[in-house]
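Let's take a walk through a protein model together. Have the 3D view open and turn it around as you read.

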Amino acid sequence: METVYLIVAVGAVVAGFVQGLSGFAFGMVAMSFWAWALDPRLAAALAVFGALTGQIVAALSVRRGFSWALLLPFVAGGLLGIPLGVKLLPYLDMHWFKAVLGGFLVIWCPVMLFARHLPRITAGGRLADGAVGLAGGVLGGIGGFTGTLPTLWCTLRGYPKDMQRTVIQNFNLSMLAVTFGTYLLTGIVTRDMLPYFAIVAPAMLVPTFLGAKLYIGISEARFRQIVLGLLTASGVALLAASVPQLLAR
């Protein structure tokens, strides 16, 4: 049992720092540690709880403006997507889910990372932003992966890093709060999970704060490299956790 607690703590430390730096990715980074040792439902609940805690810390540490006009389509779509993700969670084969998501990240993110000139998507307007928010909400309801697709979308939109941070940080904060509330109301979060929550919260606080402080001094190009590199690494970790399980069937 001590080993499980240690894995939970280490995952929270690393994921907290990454979220503080990038504004997202707590769930994906933490899952790369927790998927090996925890029940999928427990891992999903901890990922949502940790990501929400980290977003609150980051929101207090990194304030880069707030624009309802920019954020509203993402939030509206996300609110529709969260209940769908929560309903899917009990029936979902998490190994296949992680394999598909990991494969997408491993293929697409390096293409974006090494491209000389990223295509800038200007079409679709708020409707497209809402659709991306919907997809982010579904992934958030499944396991706290709210920021994955909106982050890629903001990169393709060509948003500067502070504008991207505004969208992702506030979108994630809104979606994760609703997701965790839904987990509580639907009984996904149970009393026996509380000791794990008590480990995650203190373990991630200082790393999240340090990551948020480091974000302030990095350039636009470096931020893009960090974001896409983290997404690629997360995809590799998801594949490493899921493919052996699928092959063993």
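Let's begin with the pocket. This is a predicted model, and in its largest pocket α10 supplies the largest share of the lining, namely five residues. Which helices each give at least two residues to that lining? They are α8 (161-186) and α10 (220-247).

The largest pocket has a volume of about 180 Å³, and 12 residues line it. If you want to find its centre, look for Thr155, Tyr159, Gln164, Glu220 and Arg224, which lie nearest to it. Sorted by class, the lining has six nonpolar residues, three polar ones and three charged ones. How do we get at empty space like this? Rolling a probe the size of a water molecule over the atoms shows where it is left.

Next, the annotated stretches. An unreviewed UniProt entry carries the annotation "transmembrane region" for residues 6-30, 42-62, 68-89, 96-115, 135-159, 171-190, 196-216 and 228-247. Here is how two of those spans look in the model:

| Span | Helix | Strand | Distance between end C-alpha atoms |
|---|---|---|---|
| Residues 68-89 | 95% | 0% | 30 Å |
| Residues 171-190 | 80% | 0% | 26 Å |

Now for a helix you can check with simple arithmetic. Helix α5 covers residues 94-114, which makes 21 residues, and at 1.5 Å a residue it should span 30 Å. The end C-alpha atoms of α5 are indeed 30 Å apart, so the expected span and the model agree.

What caps the N-terminal end of α5? It's aspartate 93: one of its side-chain oxygens lies 3.1 Å from the backbone nitrogen of histidine 95. Further along, α5 has a number of buried residues, among them Phe97, Lys98, Leu101, Gly102, Gly103 and Cys109.

Two more residues are worth clicking on. Isoleucine 142 sits in helix α6 (residues 125-143). Is isoleucine 142 buried or exposed? Its relative accessibility is 3%, so it counts as buried, given that the cut-off for buried is under 20%. Alanine 198 is 56 residues away from isoleucine 142 in sequence, and their C-alpha atoms are 22 Å apart in space.

Alanine 203 belongs to helix α9 (residues 194-216). With 18% relative accessibility, alanine 203 counts as buried too, because buried means under 20%. Try picking out glutamine 19 as well: alanine 203 and glutamine 19 are 184 residues apart along the chain, and 13 Å separates their C-alpha atoms.

Definitions and conventions: Residues are numbered from 1 along each chain as its sequence is written. This is a predicted model: local features need pLDDT of at least 70, side-chain atom pairs count only at pLDDT 80 or more; totals for chains, interfaces and linings use all residues. Side-chain values use heavy atoms; hydrogens and water are left out. On a 1 Å grid over the protein atoms alone, a cavity is a set of points where a 1.4 Å probe fits but cannot get out, and a pocket is an open set with protein on both sides within 12 Å along at least five of seven lines; lining residues have an atom within 4 Å of a point. Grid points are joined across faces, edges and corners, and a volume is the space filled by probe spheres set on the points. Helices (H or I, at least four residues) and strands (E, at least two) are DSSP runs, numbered from the N terminus. Ala, Val, Leu, Ile, Met, Phe, Trp, Tyr, Cys and Pro count as nonpolar, Asp, Glu, Lys and Arg as charged, and the others, Gly among them, as polar. UniProt positions are given in the numbering used here, feature names are shortened, and annotations may be inferred rather than shown by experiment. The expected span of a helix is 1.5 Å times one less than its number of residues. Buried means under 20% relative accessible area, exposed over 50%, partly exposed in between (1.4 Å probe, protein chains only). A polar contact is a pair of N or O atoms within 3.5 Å; within protein, one must be able to donate a hydrogen and the other to accept it, and residues adjacent in sequence count only if both atoms are side-chain atoms.
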